[in-house]
Amino acid sequence: IDQEREGEQIDRALLKNVLGIFVEIGMGEMEFYENDFEDAMLKDTAAYYSRKASNWIVEDSCPDYMLKAEECLKKEKDRVSHYLHSSSETKLLEKVQNELLVVYTNQLLEKEHSGCRALLRDDKVEDLSRMYRLFHRIPKGLEQVANVFKQHVTEGSESNKAESSSGSQEQVFVRKVIELLDKYMAYVTDSFANNSLFHKVLKEAFEVFCNKFFAGCSSAELLVSYCDNILKKGGSEKLSDDAIEETLDKVVKCLAFISDKDLFAAFYRKKLSRRLLFDKSANDDHERLILTKLKQQYGGQFTSKMEGMVTDLTLAKENQSHFQEYLSNNSAANPGIDLTVRVLTTGFWPSYKSSDLSLPVEMVKCVEVFKEFYQTKTKHRKLTWIYSLDTCNINGKFESKTIELIVGTYQAAALLLFNASDRLSYSDIKSQLNLADDDLIRLLQSLSCAKYKILTKEPSNRTVSSTDHFEFNSKFTDRMRRIRIPLPFVDERKKVVEDVDKDRRYAIDACIVRIMKSRKVLPHQQLVLECVEQLSRMFKPDFKAIKKRIEDLITRDYLERDKENPNLFKYLA
């Protein structure tokens with residue numbers, strides 16, 4: 001056998017017959033074969049491969065060593081089929097694997113220029129597949145390969161983060177994350193035979209990376225911005241329909257690694273509302289497509305509000321056509337101006353600031369006409385007008401020409417005041433419009449300090465104060481006949497985060513009560529762990545937050561501490 005291992009030709013038939021004698025004299029038992037031949041052969045095999053391995057590990061690179069190991073295992077299996085008894089196969093291969101792989105696992109995987117890290121770095125897919133085939137045979141062999149893979153993914157993701165930071169482009173960052181996910185997922189499927197252990201370590205590595213902040217934003221926000229760029233008109237991501245579907249699929253996969261899924265949902269609703277209300281959505285089918293994908297992955301509760309928003313817009317179009325019919329059939333109902341109203345369901349949409357704006361007389365009538373129409377349809381619903389989301393087209397009659405101004409209702413209401421007065425003070429405008437200072441300053445800034453100065457301001461500086469006076473700028477002109485005057489952007493991020501925090505408090509309360517209702521009595525630690533387990537599908541609750549909510553529920557008589565053991569809680573029915 002040793003001669004054959006060294007490449008010499010031997011008489012395999014003779015060897016098979018000789019070994020057959022050991023089996024025959026056992027009369028159906030294998031003790032002569034095992035005691036008189038197999039034990040010695042296995043010891044000799046271990047010694048033979050131990051000598052070989054000690055030389056190869058020094059001389060060969062990791063891929064070359066693995067090629068030799070794979071070839072040796074194949075030849076030993078071949079020997080069993082040609083002349084050894086089949087019962088020897090498992091024992092023989094275990095000996096070879098032990099000497100070639102188990103003994104040198106660490107040295108082999110960590111070889112400086114050719115180990116597992118180097119193979120991953122240089123995309124050596126075939127060598128990695130061989131490594132998987134060899135190490136999945138030995139106990140806990142894959143765990144060490146998987147750990148190296150996890151470190152490589154984490155380091156690769158971190159270096160990508162550093163690269164992206166230098167360009168400070170959120171879109172580049174998310175694209176890179178998707179690219180990395182594709183790249184590493186290809187290793188898992190192609191080189192590591194879709195093994196669940198590698199799926200697990202890939203998920204863990206991406207969770208570490210994806211739950212860090214980048215450029216002051218959470219990954220949830222960046223993912224939402226990326227989706228917005230794909231789905232809105234004029235977004236920077238110009239993709240074909242198939243590419244959009246594929247990319248949205250990957251975005252949903254990336255979301256799996258983010259623990260703050262509720263934060264993603266809140267920011268997504270905010271961006272979706274802007275696309276829907278300001279007609280910025282490029283394609284309704286794509287909007288529904290991503291909601292379907294999110295629903296499949298995270299359940300109907302996750303997308304119910306978003307789906308409600310999309311449905312609301314369809315119903316709003318029908319409602320508008322019914323309103324037009326109502327106007328044409330009722331000559332007395334004349335709003336005086338072209339009016340389009342979108343009726344939205346409060347529960348589906350993000351919360352918006354409503355104000356008691358004193359509408360100009362031109363607008364009061366049209367609001368009343370719509371209210372009368374709406375009451376013919378339902379008497380049980382209350383309309384709250386959100387003027388901050390309105391768009392108004394008004395004609396500005398300037399000395400040089402008439403220009404159509406596209407403004408918000410707040411801006412329109414302020415401009416229409418100048419039909420009756422040439423000059424108004426800040427306090428005059430405030431009392432006539434009934435607006436809060438922050439809203440008023442924003443709208444006056446947009447009309448007197450920004451690109452289009454429809455109003456002139458005294459004193460003529462860049463800030464608006466309560467002592468300022470304003471006049472209509474009749475000398476204003478522009479080469480365009482229609483101009484859009486935007487209001488200064490309000491950063492709503494802080495409010496979204498606050499709303500999510502508030503919702504989390506309610507979710508933790510509900511979860512604790514649900515657990516205690518079914519269990520009646522629970523120790524503190526077990527209650528906290530069960531709470532984390534149930535809530536981690538949407539967000540990762542902080543232990544301190546749970547403790548705080550438990551204390552709050554005790555004060556509200558939902559729970560009580562056991563008198564003898566303060567770490568034990570009881571549910572109060």
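**How α5 packs against α4 and α3**

User: Which residues bring α4 and α5 together in this predicted model?

Analyst: On the α4 side they are Y65, A69, C72, L73, E76, K77 and V80, and they meet E89, L92, L93, V96, Q97, E99, L100 and L101 in α5. By class, this contact has 10 nonpolar, one polar and four charged residues.

User: What makes Y65 of α4 count as nonpolar?

Analyst: Tyr is listed with the nonpolar residues, so Y65 falls in that class.

User: How do the axes of α4 and α5 lie, and what is that arrangement called?

Analyst: Helix α4 (residues 62-82) and helix α5 (residues 89-102) pack at an angle of about 165 degrees, with their axes 10 Å apart. That makes α4 roughly antiparallel to α5, because angles over 145 degrees are put in that class. The crossing of this pair is right-handed.

User: Why is the pair α3 and α5 called roughly parallel?

Analyst: Their axes cross at roughly 25 degrees and come within 8 Å, with α3 covering residues 31-59. The cut-off for roughly parallel is under 35 degrees, and α3 and α5 are therefore roughly parallel to each other.

User: Which residues make that contact?

Analyst: From α3 come E34, E38, M41, L42, T45, A46, Y49, S50, A53 and W56, and from α5 come K91, L92, K95, V96, E99 and L100. These residues divide into nine nonpolar, two polar and five charged.

User: What is the handedness where α3 passes α5?

Analyst: That crossing is right-handed.

Technical notes:
Residues are numbered from 1 along each chain as its sequence is written. This is a predicted model: local features need pLDDT of at least 70, side-chain atom pairs count only at pLDDT 80 or more; totals for chains, interfaces and linings use all residues. Side-chain values use heavy atoms; hydrogens and water are left out. Axes are lines fitted to C-alpha atoms, for helices over the stretch in contact, and angles run from 0 to 180 degrees between N-to-C directions. Helices (H or I, at least four residues) and strands (E, at least two) are DSSP runs, numbered from the N terminus. Angles under 35 degrees count as roughly parallel, over 145 as roughly antiparallel, 65 to 115 as roughly perpendicular and the rest as oblique. A crossing is left-handed if the near helix is turned anticlockwise from the far one by less than a right angle, and right-handed if clockwise. Contact means heavy atoms within 4.5 Å.
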